[in-house]
Amino acid sequence: MAIHASYRSLRGISAVVALLAIGAVGCSEVSDAVDSAKDGAKKVARQRSVFSLDIGDCYNPNGKAEGTAYAVEVVPCDEAHQGQVVGEFAIDKGKEYPGNDEVAKIADSRCPVESQKYAPDTWAYPKGVALFSYTPTKESWATGDRSVSCTYSAEKGTFSGSLGTAKSLKPEQITYLKGSNAVYEALWANQSEKDTVEDDLAGYKAQAKAVATALDTHLKGLEGIKGTEVGKLRATLTKAAGNWKKAANAADADAFYIAYDPAFGGIDPNKSVATRKELGLATTVPADEAEVWAG
């Protein structure tokens with residue numbers, strides 16, 4: 001599976017060497033060596049094949065953050081760790097390996113959706129974590145491997161605690177998050193590869209249609225949630241949905257731009273902070289989203 005690590009047998013050898021080498025040193029060195037050996041032995045005992053990772057597993061990679069992995073160190077989530085598995089699915093692409101690029105494309109498309117089933121409140125994630133995936137390699141595909149494990153990993157350092165919040169959330173919180181997440185997923189998943197509307201009006205209109213559709217669904221969900229701030233947000237998003245529909249039906253690039261500006265501003269995540277507070281959800285806009293809407 002693609003992503004990262006070294007063979008675990010090397011860890012076992014280093015631990016044994018440390019245990020055998022402590023006889024001829026001073027007390028403090030002996031103590032340090034014993035502690036080191038214990039840590040090494042614990043790490044070896046916690047090794048798990050990447051093929052057996054389950055949703056909810058917290059882990060530390062055994063090497064660089066990217067490359068080819070055979071095993072990782074699975075640890076209790078209340079200990080410091082670099083990543084957690086938050087989703088999984090199987091690729092259905094027939095017998096032939098679809099290629100690295102196609103596998104990556106599938107993972108990039110599915111993991112944001114799958115991960116939100118387990119950890120739906122993306123605003124509650126620790127600062128500095130990003131979505132990664134363990135995917136089949138050409139070699140593992142030949143042995144029947146079709147699984148993709150979606151993980152959130154710290155780009156630097158570690159974090160503690162589980163990202164899994166779905167089971168602890170109330171129905172109205174789940175409804176809100178499902179609808180809100182779908183809106184932003186529609187926005188980014190349908191982003192045109194062209195930098196300007198003039199170069200791909202059809203592509204930008206398709207994106208606008210996808211966002212408008214997601215907003216309509218989100219608004220239906222909000223109808224069943226009581227709250228003053230929820231009502232205010234519903235009014236804001238209703239206007240935004242109207243502008244996204246205008247953008248989707250724009251006759252030309254100029255008409256698209258006129259509709260797009262208020263449409264995009266209408267889904268500024270900062271406008272949902274009060275509603276999130278009312279619903280008891282995280283209220284700090286993620287840094288990457290804040291940067292986008294800051295202009």
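**Reading the helix packing in a predicted model**

Me: In this predicted model, how do the axes of helix 5 and helix 6 cross?

Reply: The axes of helix 5 and helix 6 approach within 8 Å, crossing at roughly 175 degrees. Angles over 145 degrees count as roughly antiparallel, and helix 5 and helix 6 are therefore roughly antiparallel to each other. On the helix 5 side, the contact is made by T175, Y176, G179, S180, A182, V183, A186 and L187. Helix 6 contributes Q207, A210, V211, A214, L215, H218, G221 and L222.

Me: Which classes of residue make up the contact of helix 5 with helix 6?

Reply: That contact has 10 nonpolar, 6 polar and no charged residues.

Me: How is the pair formed by helix 6 and helix 7 to be read?

Reply: The angle between the axes is again the place to begin. Helix 6 (residues 201-222) and helix 7 (residues 228-248) have axes that come within 8 Å and cross at roughly 155 degrees. Helix 6 and helix 7 are therefore roughly antiparallel to each other, and helix 6 passes helix 7 in a left-handed crossing. Among the residues making the contact are A208, V211, L215 and L219 of helix 6, and L237, A240, A241 and W244 of helix 7. By class, the residues of this contact divide into 13 nonpolar, 2 polar and 5 charged.

Me: What should a reader expect of nonpolar side chains in general, and which residues have the most contacts inside the largest nonpolar core here?

Reply: In soluble globular proteins, nonpolar side chains tend to be buried together. In this structure, the largest nonpolar core has 35 residues, and those with the most contacts inside it are Y176, L215, W244 and I267. Helix 5 (171-189), helix 6, helix 7 and helix 8 (253-266) each supply at least two residues of this core. Setting aside neighbours within four places in sequence, L215 is in contact with V183, L237, A240, A241, W244 and I267. A second, separate core has 10 residues, including F89, I91, V103 and C150.

Me: Is G224, in the loop between helix 6 and helix 7, buried or exposed?

Reply: Exposure is judged by relative accessibility, with over 50% as the cut-off. G224 counts as exposed because its relative accessibility is 65%. The C-alpha atoms of G224 and Y176 are separated by 9.8 Å, although the two residues lie 48 residues apart along the chain.

Me: How many helices and strands does the protein chain have, and what share of its residues counts as buried?

Reply: The protein chain has 10 helices and 8 strands. Of its 295 residues, 40% count as buried. Among contacts with a separation of 6 or more, 70% join residues 24 or more positions apart.

Conventions: Residues are numbered from 1 along each chain as its sequence is written. This is a predicted model: local features need pLDDT of at least 70, side-chain atom pairs count only at pLDDT 80 or more; totals for chains, interfaces and linings use all residues. Side-chain values use heavy atoms; hydrogens and water are left out. Axes are lines fitted to C-alpha atoms, for helices over the stretch in contact, and angles run from 0 to 180 degrees between N-to-C directions. Helices (H or I, at least four residues) and strands (E, at least two) are DSSP runs, numbered from the N terminus. Angles under 35 degrees count as roughly parallel, over 145 as roughly antiparallel, 65 to 115 as roughly perpendicular and the rest as oblique. A crossing is left-handed if the near helix is turned anticlockwise from the far one by less than a right angle, and right-handed if clockwise. Contact means heavy atoms within 4.5 Å. Ala, Val, Leu, Ile, Met, Phe, Trp, Tyr, Cys and Pro count as nonpolar, Asp, Glu, Lys and Arg as charged, and the others, Gly among them, as polar. A nonpolar core is a set of buried Ala, Val, Leu, Ile, Met, Phe, Trp, Tyr and Cys residues joined through side-chain atoms within 4.5 Å. Buried means under 20% relative accessible area, exposed over 50%, partly exposed in between (1.4 Å probe, protein chains only).
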